Amino acid sequence: MTLRSPLVGGRARVAVVATPFGFGPSSKAYSIGQVLARDHHLDVAYYGTDSALDFFAAQPDAPARPLDDPPPGQDPPALRSADAVVNVLAPELIGTDRLAARTYYVDSLGFMWTAADVPPDSPLHRVRAYLAQDLFGSVAHLARLGLRDVIPVSGIVARPPAAPPTVPAPAGPPARGPGRPRVLVQLGGLGNPAGHTSGRVYLALVERLLAAVRDDSAVEMTAAMNHANGAFTLRAGVPVRQLSAADFHTALGRCDVVLSSPGMTTLVEVSRAGRPYVPLPPQNWSQVLICRHLSARSAHDLWPFLTAPYDGIAEGAPEAAKAVAVQEVNRRLGRDDGYAARYARLARHAVGNPETPDLGAPFDGAHEVAAVVAADLAARRSAVEPTTEATAS
């Protein structure tokens, strides 16, 4: 397999892509791209569709472009012309072996896949490197599925904004004042294999739950979410903003509690920041599994309450089928007054008894992935550049 050589005498071009599967993959892709550009001085551009493009475009320092559909049997032109591709959870974008050979695949949900997700002919067996965020035993699980050369990395999060040099960084969460707790509702993106319908069903459920939690005005809420180019709207009577990664870190530092769908990226961010956290119901299958893992690590009754409605979903079903099954459970829960009232009681108890999710440390995965990519590109460059001695002769 012949690899495209990085530009001799110039910066290697890295295309960063992510599946439009909510907030997490695009956030991780952006985090890795930041390190590649700032610390390794590579030429980084971001490409995406739907919520991924929506997220990339919200970042002030991310040159974001739409990813055009390729002709049948070919790769997207922007990826064909890149020296390397950092791909977060989008195997459908690896159409040829030639592209696989320059793709660094980043898997943040390795614990959830079944054998059907990585069949022998999957392009994931042929990528340049397979890197997995090793939470909940992901790397060992992937090895059991036949992916035995996976590189483990720690939690992948964006670099926090630097504190002004004259202002010391806070030692911990801000002291809670005598007023209402400040709750940041983080919804991120809402895409999943069930499509936009699933996101709208989930928002309808969330609207009911937020109204129930706020019924006695015991908390002060603001919400953050991506809109997927206008596909989603939250009508919950709370201010809603689309936040850049830096804006989210600022909001995270100013709130008393994060109330969020249990997505892996938000949980890693909150765990690293040491912030109190209260979960909303899962919006896709990966979040069902995350709820189960965290239920065993928490003293709050809210976690097992959230997992129970999804226990009847067949774990061996295809991912798309499980996403639809979660959607239908959420549709039913959105019509259940008793569920909303019970959730509100448990959520208020959790707000009053703050708990930070236990996801371990360190959280340096963005740097670890970037270091692998940069070192490999440097090695490839050295292999093709003529040495000084050879040039002189």
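Visitor: Which residues do ring pairs link into a cluster?
Guide: The structure is a predicted model, and it holds 8 aromatic pairs. Some of these ring pairs join into a cluster, whose members are Tyr30, Tyr46, Phe55 and Phe56.

Visitor: How far apart are the ring centres of tyrosine 30 and tyrosine 46, and are the planes stacked, edge-to-face or tilted?
Guide: A pair of aromatic rings is described by the distance of the centres and the angle of the planes. Planes under 30 degrees apart count as stacked and those over 60 as edge-to-face, the rest being tilted. For tyrosine 30 and tyrosine 46 the centres lie 5.9 Å apart and the planes stand at 45 degrees, so the pair is tilted.

Visitor: In which elements do tyrosine 30 and tyrosine 46 lie, and how many residues apart are they?
Guide: Both tyrosine 30 and tyrosine 46 are buried. The pair links distant parts of the chain, with tyrosine 30 in helix H1 (residues 24–38) and tyrosine 46 in strand S2 (residues 43–48). Their separation in sequence is 16 residues.

Visitor: What is the distance between the ring centres of tyrosine 46 and phenylalanine 56?
Guide: Tyrosine 46 is buried, with a relative accessible area of 3%, and phenylalanine 56 counts as buried at 0% relative accessibility. The planes of their rings are at 45 degrees, so this pair is tilted, and the centres are separated by 5.2 Å. The pair links tyrosine 46 in strand S2 to a residue 10 positions away, phenylalanine 56, in helix H2 (residues 50–57).

Visitor: Is S4 mostly covered or mostly exposed, and how many of its residues are buried?
Guide: On one side of S4, Ala84, Val86 and Val88 are buried, and on the other side Val85 and Asn87 are buried. Both faces of the strand are therefore covered, on the criterion that buried means under 20% relative accessible area. S4 is mostly covered, and the count of buried residues is 5 of 5.

Visitor: In which sense does S4 pair with S1 and with S5?
Guide: S1 and S4 pair over 5 bridges, and valine 17 stands opposite asparagine 87 in S4. S4 and S5 pair over 4 bridges, and valine 86 stands opposite tyrosine 104 in S5. The sense is parallel for S1 and S4, and for S4 and S5 it is parallel.

Visitor: Which residue forms a salt bridge with aspartate 83?
Guide: A search of the whole structure finds 10 salt bridges. In one of them, which involves aspartate 83, the closest N and O atoms are 3.6 Å apart, and the partner is arginine 13. Aspartate 83 lies in the loop between helix H3 (77–80) and strand S4 (84–88), whereas arginine 13 belongs to strand S1 (residues 13–18), so the pair ties together parts that are 70 residues apart in sequence. At 0% relative accessibility aspartate 83 counts as buried, and at 26% the partly exposed partner is arginine 13.

Visitor: What N to O distance is found in the salt bridge of arginine 126 and aspartate 97?
Guide: Arginine 126 is partly exposed, with a relative accessible area of 35%, and aspartate 97 is partly exposed at 37%. Their side chains meet in a salt bridge with an N to O distance of 2.6 Å.

Visitor: How many residues apart in sequence are the parts that aspartate 337 and arginine 208 tie together?
Guide: Aspartate 337 forms a salt bridge with arginine 208, in which the closest N and O atoms are 2.4 Å apart. Aspartate 337 is in helix H12 (residues 337–352) and arginine 208 is in helix H6 (residues 196–213), so the parts tied together are separated in sequence by 129 residues.

Visitor: Which side chain has a polar contact with that of histidine 249?
Guide: Histidine 249 lies in helix H7 (residues 245–254). With a relative accessible area of 11%, histidine 249 is buried. The contact spans 3.0 Å, and the residue at its other end is glutamate 269.

Visitor: Where is leucine 243, and which residues does it touch beyond four places away in sequence?
Guide: Leucine 243 is placed in the loop between strand S10 (240–241) and H7. At 9% relative accessibility, leucine 243 counts as buried. Leaving out residues up to four places away in sequence, leucine 243 touches Gln59, Ala224, Phe248 and Ala251.

Definitions and conventions. Residues numbered from 1 in each chain as written. Predicted model: local features only at pLDDT ≥ 70, side-chain atom pairs only at ≥ 80, totals over all residues. Heavy atoms only, no water. Helix = DSSP H or I, 4+ residues; strand = E, 2+ residues; numbered from the N terminus. Buried < 20%, exposed > 50% of the residue type's maximum accessible area, 1.4 Å probe, protein only. Polar contact = N/O pair within 3.5 Å; in protein donor to acceptor, adjacent residues only side chain to side chain. Salt bridge = Lys/Arg side-chain N within 4 Å of Asp/Glu carboxyl O. Contact = heavy atoms within 4.5 Å. Pairing = 2+ DSSP bridges. Phe/Tyr/Trp six-rings, centres within 6.5 Å; stacked < 30°, edge-to-face > 60°.
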